[in-house]
Amino acid sequence: MNRSKPRIGAYICRCGTNIAATVDVEEVAKKIGFLPGVVIARDYTYMCSDPGQNLIKSDIKEHNLNRIVVASCSPLMHEATFRHAIEEAGLNPFYFQMANIREQCSWVIKDKALATEKAIKMTTAAVQRIRYHRPEKMRPIDITPAVLVIGGGIAGIEASLKIADAGKQVYLVERESSIGGHMAQLYKTFPTLDCSA
Amino acid sequence: MVSVGRHENIELLTLSEIEELSGYVGNFKATIRQKARYVQEDMCTGCEACTQVCPIEVLNPFELGLAMRHATYRNSAQSTPNAFAIQKTGIAPCRDACPADQRAMGYISLVKKHRFADAYWTIRRENPFPSVCGRVCNHVCEDACSRGEYDEPVNIVAIKRFVADWAYQHRDELDQMPDKSIPGTPFIHKHQPTGKKVAIIGSGPAGLTAALDLVRLGHKPVVYEQFSEPGGMMRVGIPPHRLPYDRLAWEIDLIRREGVEIHLNHRVSNAPGLLNKGFDAVLIAAGVHNAVKLPIDNSDHPGNWLSTEFLRKVLLGERIDLSGRHVIVLGAGDVALDVARTAIRLGQPKVQILCRGMRCSEHELKAAEEEGVRILSSRVFKKVVTADEKIIGIRCLDAEVGGIVDGRRIVREKPGTEHLVEGDLIIWALGQKGDYDFLPEETPIVSQNPTGIQTNNEMMTNIDGVFVAGDIRQGWTSFVVNAIDEGHHAARAIDRYLNAGAGIPEPSHGMPVAKLTREEIELKITAGRASNQPRIKISSIPPEERINNFKEVDLTLTEDQVVAEASRCLECGVCGECMECVAACEKGAIDHTMRDRIIDVNIGAVIVTTGFKDFDPRIAPEYGYQYPNVITALEFERMINPSGPTGGKVVMKNGRRPRKVAIIHCVGSRDDKYHQYCSRACCMYSLKTAQLVHEYVEAEVHEIYRDMRTFGKGYEEFFNRTKQEGVHFHHGRVKSITREEGYLHVSWDEAFFQQPDHVDVDMVILATGMEPQQDAARLAATLGISRSNDGFFLELHPKLGPVETRSEGIFLAGACQSPKDIPDTVAQAGGAAAAALSLIDQGTVKLDPAIAQVQEALCAGCGQCATVCPYGAIWIENGIAHIDEYNCKGCGTCAATCPNKAMTLIHFDDKQLISELVGALS
């Protein structure tokens, strides 16, 4: 991997019409394509779809890309998706940056010209940033195989028993002196009219 | 519930709440506070012996206030865990104020239940002199009493006196009883002897309290008393019209019978020397027995007597006749009054008390004046005037007397007001000091004569093994109850000394003081949980019947009076630690010294299942909950439950079965005034309630509903069955419920065309909705999860993440997420369990690399980063900041704070951020 010379691929998602209706995605792709280091800039209907991801993967191979920017939705939605995709194509997943031109742009700006301008700036920011990305590593760490359940009503009891039956340690914390919650106060319960204790 | 209790993989922590959650997905640490149960869960067999003897009654929250429960309680016979618990809200203010730690609230609650013998044992736990303190105590407990905020404090001292008198009258029976003050012991204790001997100088309250404690610890105390009667100031300082000799003698006899040796007429001249005469420790508790005189003219004339000497002579039997004399008592306190009233009884001389301003018990002052004692206050005296070698009076000046500052009165003499107060006998009662006759001439003990003897924290003098307690330690007089406290302290200190530091530790309550506010008091009194009667005052025998004898002046309360007075107690701390339960528990499972426990647990995931709070219909007056026989559905559940407060009977306030019942849907739900949401369980439980009323109560049932939401599996069929059983359904929105003569009038609008819009019934059941728990906001903040607008905890996504939260590793289930019924709750709990299992079963979790890192070369170790880190993930070691990479959340606060730019955030370094900004601003 060549860290000194970024070869950036930038992808502008249309998200059906979610983005494309207010952002001129072709204009964005065109502008981004002129930025230094950007080897390829495209727009596509659904970047998150399999064909969308495959587009990135094949471009990485074909154009020897080493940085990927996707301008689409919130990273909460699809950052993991794209990181996974570029990892499959042999890139470190942190050579990736997302610009949220949907929630922070197309959904909140009505004027197409303004939205397009903002989308360009947001995508440019991502492109500028990614030059300085480094190949980071996720840190694996052991999980404590125990669960804390807060509240000893029926939900807490049910969840505790399920987990404990699977052989895991459960700490069931109850505020009162005994468990059962409201259920312990009931007589018969619908729809079967059986006893609640 | 039972399976939870015995599952080997479930650790059940009851009476517990989460205080803190730290860490991250897969590796959380929870800090849990477990409140003291005061009953050892593993030892309690649930036999109920403790609750049967508990005198305290409080509203039972499990029964929704429909019944009472004891301070020692268990929610139901089927509870898991089955162990009892004890409810304490703090230490009662009366006990907190008492120097001797008397469990006043504890014994008062027993008196309220006519349990005088039990009350006696409770008093005697800390106090070997109930008869004395029931008469002559300064009762600071009453000053602290919460009831004083409302009207007048409980007459605690009179209650104690009654109990002590009752015990004296039943003293022969007491001998046959086990001493409940020390569980499992007979009245006369048998102790495992330690072989250690302790000499005690003085048989006053301090010396005898210490002696009794020491003998009960197995040591051998020997008490030396210089006078011919034991009791110290209680015997030679307090006249019998206030404290009869026989009561004191009985209480001292009880102490002797436990094995305390008292040698009378034995003056010790070398206290430290006793260590060489076979004693392992010495306690000086000699008291302060010498009244002081001021060096004014003629104060050395033999017509000047000392209060201590005068009282001692009279009380030890010397015949003194004062008839025809003019006595002037100099002093302002209780001793001056004792002297004056004793003098009156020796031939009714003219008695005047001369002082700046009285500082004494109001009750004693009134009694003295009734007996003919004249108080001449606002005066300062200048000299004793004599003529022909005889005293003729005291020359005085009038004075302006102000308040008390630093224990002394502010006094301004008025020049030119000089006058003579006539009298031929002066008795000085201005204060007392100790003598130090028990120390040899060249004593190495550091005394601060005349203000006491210097001791360390363990009440020991500078001589190893010589201890001091009581008035002689301080160098001035205080009350019996203070001396008792000193005696206990000294006994524990001596025990620790004899056991080389082991032995009994100093007790501590570890609880806040449970002083009630005026609002809380009013609530208790209006709810009838404390009597609204005024304080019962003690009465006295008429002055003419008492001024020529030493009969006790104050009368004890009658049994009815004492119970009435005890019923005024507000039982501030709930449990008053009367210790009846400890005596009753055969397993020894009760431990009142338990403290809250902080428990840390490490977990990989958290499931929040804190449930809901029932809507409180008191805030919705249109539903008539303020009227009798308007109840909530949950109250109905308790009533119809065979283990509930009515044993399964649904009855009205008059005890009769209702003939006609209305059930109101949507109370608090789907209503802009209260909650917009549907509580989702109420339609169905209302139908169930209707079936139960129809079947078990055999009453006519009317349901007033707005929409019938029977969406679940088998629910519509349930509705149909209810209709077929003959339940009447009315569509409408309830406008009002009003109370009419003999019935409740329910009316509604939006009724179907030409259908009824009201019904008159005997009972109304309100189908109240669900609300978030009261502390949902606090828990959300503790766990770092969000809440939706309605206040319930917010799931990650209503469809894609219904049991997850935005905080990875924290899951939700049940009504804490949104109102739901039992089938949905159980289903969601299963989902949450699966999600949590799926997480913790992965073995490892991958954490984001975006955390802080230190450029060691740049770090100056100033520590500002550690101060600002919200996760406590930074510490300074060897002058350099270190990062706990697992607790760092990558928030960047440290990087923004570091003045040297030594802190950077991986994946968010300056270069990356600045070029991103450049891009955005291009």
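Q: Into which domains is chain A divided?
A: The model is predicted, so local features need pLDDT of at least 70, side-chain atom pairs count only at pLDDT 80 or more, and totals for chains, interfaces and linings use all residues. Residues are numbered from 1 along each chain as its sequence is written, while chains are lettered from A and ligands numbered from 1 in the order in which they are written. Domain bounds come from an automatic or database domain assignment. For chain A the result is domain 1 (8-130) and domain 2 (146-195).

Q: How far apart do the centres of domain 1 and domain 2 of chain A lie?
A: The centres are taken over the C-alpha atoms of each domain of chain A. Between domain 1 and domain 2 of chain A the separation is 48 Å.

Q: What is the radius of gyration of chain A?
A: The radius of gyration is taken over C-alpha atoms, and the globule rule is 2.2 Å times the number of residues to the power 0.38. For a compact globule of 197 residues a value near 16 Å would be found. Chain A has 25 Å.

Q: What share of the residues in chain A is buried?
A: A residue is buried if 20 or more other C-beta atoms, placed from the backbone, lie within 10 Å of its own. Among the 197 residues in chain A, the buried share is 53%.

Q: Why is chain B described as more spread out than a compact globule?
A: Chain B has 28 helices (DSSP runs of H or I, at least four residues) and 43 strands (E, at least two). For its 922 residues the globule rule gives 29 Å. Chain B is more spread out because its radius of gyration is well over that value, at 37 Å.

Q: What distance separates the centres of domain 4 and domain 6 of chain B?
A: Domain 4 of chain B covers 290-432, and domain 6 covers 852-921. Taken over C-alpha atoms, their centres are separated by 79 Å.

Q: How are helices H5(B) and H8(B) oriented to each other?
A: H5 (residues 116-126) and H8 (residues 156-169) of chain B pack with their axes, lines fitted to C-alpha atoms over the stretch in contact, 9 Å apart. The angle between their N-to-C directions, on a scale from 0 to 180 degrees, is about 110°. Angles of 65 to 115 degrees count as roughly perpendicular, so H5(B) and H8(B) are roughly perpendicular.

Q: Which residues of H8(B) make the contact with H5(B)?
A: Two residues are in contact if their C-beta atoms, placed from the backbone, lie within 7 Å. H5(B) contributes Phe116(B), Ala119(B), Tyr120(B) and Ile123(B). From H8(B) come Lys160(B), Val163(B), Trp166(B) and Ala167(B).

Methods. Parallel < 35°, antiparallel > 145°, perpendicular 65-115°, else oblique. Buried ≥ 20, exposed ≤ 12 C-beta atoms within 10 Å, placed from the backbone.
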